[in-house]
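Reader: I should like to learn how to read contact surfaces in a structural model. May we work through them one by one?

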Amino acid sequence: MRSYWNQIWPPLVAVIFFLGAWQLAVSVFHVPSWMLPSPGDIARESRGNASGIWAHTAATLRLTLIGFPVGTGVGLIVALLLHLVPWLKRALYPLLILSQNVPSIALGPLLIVWFGFGLLPKIVLITLVCFFPVAVAAMGGLAQSDRIMMNYMKMAGADKWQIFTKLELPGSLPSLFSGLKISATYAVMGAVVAEWIGADKGIGYYMLLQKASYRTDRMFVAIVIIVLLSLVLFALIALLEKWLVRWKPRKTS
Amino acid sequence: MTRITDAKHEGAVGSSPDGSRGWTGGGQAEAEQADAEQAGTTRMAGPGGGRTEAEQAGAARIAGVPPALEVNSVTKAFFHRRRETLVLDHVSLKVEPQEFVSIVGPSGCGKSTLFHIIGGLEQPDAGTISMNGKPVTGQRGEISYMPQQPALFPWRTIEDNVLLAGELKGGPRAEARAAARHWLDKVGLGGFERAYPHMLSGGMQQRAAFLRALLAPQELMLLDEPFSALDALTRSEMQRWLLELWEENRRSVLFITHNIEEALLLSSRIYVFSGRPGSVLHTVEVPFPRPRREEITESPEFLQLKRQLSQWMREEQAKAAK
């Protein structure tokens with residue numbers, strides 16, 4: 001418990017210091033609140049306007065919770081397919097890397113043209129931003145099996161499927177989870193961007209509304225909610241990792 | 001070197017003629033073992049005990065029972081930057097059923113390559129491998145292997161690690177689990193069945209890796225410098241442990257080591273390898289009776305053999321340095 005606290009307090013102090021400096025700067029330099037509201041203003045606003053924003057939060061949460069599994073699922077399937085079919089990997093892996101030079105978010109308007117304003121284009125957009133970290137991490141993990149263990153499996157007469165299920169797959173879990181954690185934060189971001197492009201509810205839509213009326217304080221409330229959503233999703237993945245990769249020695253620090 | 005048979009010193013050691021091992025049979029053989037131990041004689045590895053090693057080996061030879069492993073004139077070269085390096089040069093050796101055979105040689109003598117060839121990971125350029133009279137050149141899954149590092153699977157508990165080889169071959173699970181429990185207890189890993197490998201010390205991990213090889217369904221065990229990563233004290237403890245365990249449960253073993261004393265203590269026969277390209281320089285029949293105790297390492301005969309082997313090794317190292 002004590003060591004846990006030792007880890008927590010330095011960033012906590014940093015955040016409190018930052019918020020204090022922000023509050024002080026706004027009041028000392030008389031910054032108008034439509035340009036930069038103080039942390040106090042934002043806190044007050046979030047309490048006062050709570051009812052309206054929860055519906056939007058729920059919509060974004062729902063979108064994220066559909067998009068994230070679909071996106072990571074696609075990433076996993078791509079990784080497994082390319083891993084198990086080596087010639088496919090040779091052919092497609094370079095293209096996969098290249099494809100990441102296309103900014104997925106810039107494809108948003110195109111997706112609207114192709115798929116309309118419903119759920120589908122938003123899911124596709126989230127999938128586009130989510131699948132890549134998972135696919136690359138999973139493929140890396142699968143390909144980096146311990147050589148001695150691999151030799152052992154081969155000498156013991158393990159077939160390809162046994163090598164995959166008993167060595168490569170469990171060995172790739174730590175790497176896979178680092179990809180999943182990145183994707184979790186990307187998924188929330190993807191959902192918000194999808195709502196910017198075309199939606200009638202959600203945090204992204206709420207931000208557009210508030211922008212139109214220069215309610216900067218409410219935009220900050222939205223940002224705080226987005227951060228919290230990302231953190232919760234990240235924490236859930238980390239928890240799952242802790243349970244599934246419980247065999248890994250703890251870092252001694 | 002003459003072969004001084006250690007037959008008359010042997011206790012009751014035996015196994016069923018088909019080479020199957022007793023411990024998977026469970027309760028009864030164990031009870032017999034316990035009785036035998038109390039009576040101060042060597043334990044039996046299985047039913048049909050009472051014959052001596054030499055009688056058995058002799059009978060086997062006369063009856064034409066083929067060796068557990070026969071490496072016949074194996075040659076292997078590697079290509080690196082278009083230059084051919086000969087690694088193994090007409091290596092021939094054999095391991096009789098229930099015999100402990102060692103290979104000693106300078107580093108880079110191709111011992112690991114030989115293991116890879118026997119294990120089927122690599123094809124020899126020339127020569128053949130056969131086990132129990134059956135040609136198995138380039139075939140995998142015929143041997144039970146213990147690598148230099150324990151290489152236990154970190155996501156498996158100790159018990160599941162020990163069961164791995166059997167699992168790959170697909171045997172009855174419940175029986176295998178019971179046998180694993182029994183053996184873990186026996187080698188001092190009782191209570192660690194559900195622990196993960198990183199929680200164990202190096203010596204304990206090595207014992208678990210040895211059990212994984214011992215409980216594998218394959219008869220022939222290949223041990224690749226299993227103790228080289230351990231500190232000196234743990235190492236000599238593990239040597240004693242292995243000696244005792246092997247004398248109880250005769251398996252056909254091919255053992256690679258750098259350590260001459262270790263080879264003399266454990267084996268019935270030692271192949272001394274030359275430096276690169278690896279080939280068999282000398283074959284030494286080790287004359288000490290079994291069951292062996294560590295005290296033999298102080299006998300004049302042992303020291304003399306050790307001196308002889310050390311000298312051969314030094315000559316090889318010197319040649320390699322030139």
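Reader: Which residue forms a salt bridge with A:K166, and how far apart are the closest N and O atoms?

Author: Please note at the outset that this is a predicted model. The partner of A:K166 is B:E167, and the closest N and O atoms of this salt bridge are 2.6 Å apart. That lies inside the 4 Å cut-off for a salt bridge.

Reader: How many salt bridges are counted between chain A and chain B, and how many residue pairs are in polar contact across that interface?

Author: The count of salt bridges between chain A and chain B is one. The rule for polar contacts finds five residue pairs across the interface, with both residues at pLDDT 80 or more.

Reader: Which helices of chain A supply at least two residues each to the side that touches chain B?

Author: They are α7 (147–155) and α8 (160–197) of chain A. The largest share of that side, seven residues, comes from α7(A). Sorted by class, the side of chain A that touches chain B holds eleven nonpolar, four polar and four charged residues.

Reader: How many residues does each chain bring to the contact, and what area is buried?

Author: Chain A brings 19 residues and chain B brings 26 residues. Between them, the two chains bury about 2100 Å², of which 72% is on carbon and sulfur atoms. On the side of chain A, the residues that lose the most area to chain B are A:Y152, A:M155 and A:W247, which together make up 39% of what that side buries.

Reader: The same kind of reading can be applied inside one chain. Into which domains is chain A divided, and how far apart do their C-alpha centres lie?

Author: Chain A is divided into domain 1 (1–31) and domain 2 (33–244). The C-alpha centres of these two domains of chain A lie 29 Å apart.

Reader: How many residues of each domain are in contact, and what area do the domains bury?

Author: Five residues of domain 1 of chain A are in contact with nine residues of domain 2 of chain A. These domains bury about 570 Å² between them, with 72% of it on carbon and sulfur atoms. Of the area that domain 1 of chain A buries against domain 2 of chain A, 79% is supplied by A:W22, A:Q23 and A:V31, more than by any other three residues.

Reader: What do the counts of salt bridges and polar contacts show across this domain interface?

Author: The rule finds zero salt bridges between domain 1 and domain 2 of chain A, whereas three residue pairs are in polar contact, both residues being at pLDDT 80 or more. By class, the side of domain 1 of chain A that touches domain 2 of chain A has four nonpolar residues, one polar residue and no charged residues.

Key
Residues numbered from 1 in each chain as written. Chains lettered and ligands numbered in written order. Predicted model: local features only at pLDDT ≥ 70, side-chain atom pairs only at ≥ 80, totals over all residues. Heavy atoms only, no water. Domains from an automatic or database assignment. Contact = heavy atoms within 4.5 Å. Buried area = accessible area lost by both parts, 1.4 Å probe. Salt bridge = Lys/Arg side-chain N within 4 Å of Asp/Glu carboxyl O. Polar contact = N/O pair within 3.5 Å; in protein donor to acceptor, adjacent residues only side chain to side chain. Nonpolar A, V, L, I, M, F, W, Y, C, P; charged D, E, K, R; others polar. Helix = DSSP H or I, 4+ residues; strand = E, 2+ residues; numbered from the N terminus.
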